[in-house]
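Colleague: I'm new to this one and would like a guided tour. Could you take my questions one at a time?

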Amino acid sequence: MNRTTASPSPIELMAVHVDCETFTLPTGAHVFSRGAAADAIYAVRRGIVELVGEQGEKTCYRPGELFSYQDITWRELSHRSDAFARTPVEVLRLDRLRFLNLLHNHPTLAVQLIGQQHDRLREQRASGTCCY
């Protein structure tokens with residue numbers, strides 16, 4: 001019997017990491033602010049998190065999605081957006097070095113993140129909110 005097993009999702013990999021923090025926030029609370037040090041990656045376990053950029057552009061993240069990974073890869077290492085809880089949320093937080101180690105140990109995680117970004121860009125292109 002040939003059985004294939006699915007790779008764990010990014011949020012599952014983060015959640016089982018011993019150093020992963022889990023916190024809950026009420027609607028309207030800040031997850032992080034623009035300009036703050038980007039020293040961790042975040043994932044939505046429950047609820048909706050909205051990022052608002054400098055120009056007012058908005059992006060929502062839902063359960064199972066990771067966010068702020070773009071910020072921890074840029075040289076400035078600061079958040080380029082404000083992140084708010086649009087609903088009551090449960091968020092996972094894993095610091096940058098532990099996340100990079102997680103990527104090293106689970107390279108398929110990078111492919112999953114690329115897929116997530118691809119889906120988001122397709123969604124933005126279809127809705128006309130993508131700028132070139």
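**Sheets, cores and rings**

Modeller: Let's begin with a facing pair: in E6, phenylalanine 67 is the residue opposite tyrosine 42. Keep in mind that this is a predicted model.

Colleague: How many bridges join E3 to E6?

Modeller: Those two strands run antiparallel. Tyrosine 42 opposite phenylalanine 67 is a spot to look at there. The number of bridges joining E3 to E6 is two.

Colleague: What is the strand order of the open sheet that includes E3 and E6?

Modeller: E3 pairs with E8 in the antiparallel sense over six bridges, and valine 44 has valine 91 in E8 as its bridge partner. On to E1, residues 21-25: five bridges join it to E8, again antiparallel, with threonine 22 opposite leucine 92. The edge strands, each pairing on one side only, are E1 and E6 (66-67). Put together, the order is E1-E8-E3-E6.

Colleague: Which helix packs on that sheet?

Modeller: Look for the helix that touches E3, E6 and E8. Its direction makes about 80° with that of E8. The helix is H3.

Colleague: Is strand E8 largely enclosed or largely open, and how many of its seven residues are buried?

Modeller: E8 covers residues 89-95, and it has E1 as one partner and E3 as another. Buried here means under 20% relative accessible area. E8 is largely enclosed by the rest of the structure, because the number of its seven residues that are buried is six.

Colleague: Which element gives the largest share of the largest nonpolar core?

Modeller: As a general point, nonpolar side chains tend to be buried together in soluble globular proteins. This core has 16 residues, and Met14, Ile41, Leu66, Leu94 and Phe99 touch the most other members. Elements giving two or more residues include E3, E8 and helix H4 (108-127). The largest share is three residues, and it comes from H1.

Colleague: Which residues does methionine 14 contact, leaving aside its neighbours within four places in sequence?

Modeller: Methionine 14 is among the core members that touch the most others. Its contacts include Ile41, Leu66 and Leu94, which are also on that list of well-connected core residues. The full set is Cys20, Ile41, Tyr42, Ala43, Leu66, Leu92, Arg93, Leu94 and Leu102.

Colleague: How many residues are in the other core that lies apart from it?

Modeller: Among its members are Leu25, Tyr61, Ala85 and Val89. The size of this other core is 15 residues.

Colleague: There's an open sheet with E4 and E5 in it too. Which strands stand at its edges?

Modeller: The order in this four-strand sheet is E2-E7-E4-E5, with antiparallel pairing, and the twist averages 30° from one strand to the next. E4 and E5 pair over four bridges, with valine 52 opposite lysine 58. Two strands have a single partner each, so one side of each is left without a neighbour in the sheet: E2 (30-32) and E5 (58-61).

Colleague: Aspartate 82 sits in E7. Which backbone nitrogen does its side chain reach?

Modeller: Aspartate 82 counts as buried, because its relative accessibility is 16% and the cut-off is under 20%. Its contacts include His30, Phe32, Arg34 and Glu50. At 2.8 Å, the side chain reaches the backbone nitrogen of arginine 34.

Colleague: And glutamate 50, is that buried or exposed?

Modeller: Glutamate 50 lies in E4 and is in contact with Asp82, Lys58 and Phe84, among others. Its relative accessible area is 8%. With the cut-off at under 20%, glutamate 50 counts as buried.

Colleague: Last one: which residues do ring pairs link into a cluster?

Modeller: There are four aromatic pairs. Phenylalanine 32 and tyrosine 42 make a tilted one, 5.2 Å centre to centre with 40° between the planes, while tyrosine 42 and phenylalanine 67 are stacked at 5.6 Å and 20°. Tyrosine 42 lies in E3 and phenylalanine 67 in E6, so that pair ties together parts 25 residues apart in sequence. The cluster consists of Phe32, Tyr42, Tyr61 and Phe67.

Terms used. Residues are numbered from 1 along each chain as its sequence is written. This is a predicted model: local features need pLDDT of at least 70, side-chain atom pairs count only at pLDDT 80 or more; totals for chains, interfaces and linings use all residues. Side-chain values use heavy atoms; hydrogens and water are left out. Buried means under 20% relative accessible area, exposed over 50%, partly exposed in between (1.4 Å probe, protein chains only). Two strands pair if DSSP finds at least two bridges between them. A nonpolar core is a set of buried Ala, Val, Leu, Ile, Met, Phe, Trp, Tyr and Cys residues joined through side-chain atoms within 4.5 Å. Contact means heavy atoms within 4.5 Å. A polar contact is a pair of N or O atoms within 3.5 Å; within protein, one must be able to donate a hydrogen and the other to accept it, and residues adjacent in sequence count only if both atoms are side-chain atoms. Axes are lines fitted to C-alpha atoms, for helices over the stretch in contact, and angles run from 0 to 180 degrees between N-to-C directions. Rings of Phe, Tyr and Trp (its six-membered ring) pair if their centres lie within 6.5 Å; planes under 30 degrees apart count as stacked, over 60 as edge-to-face and the rest as tilted.
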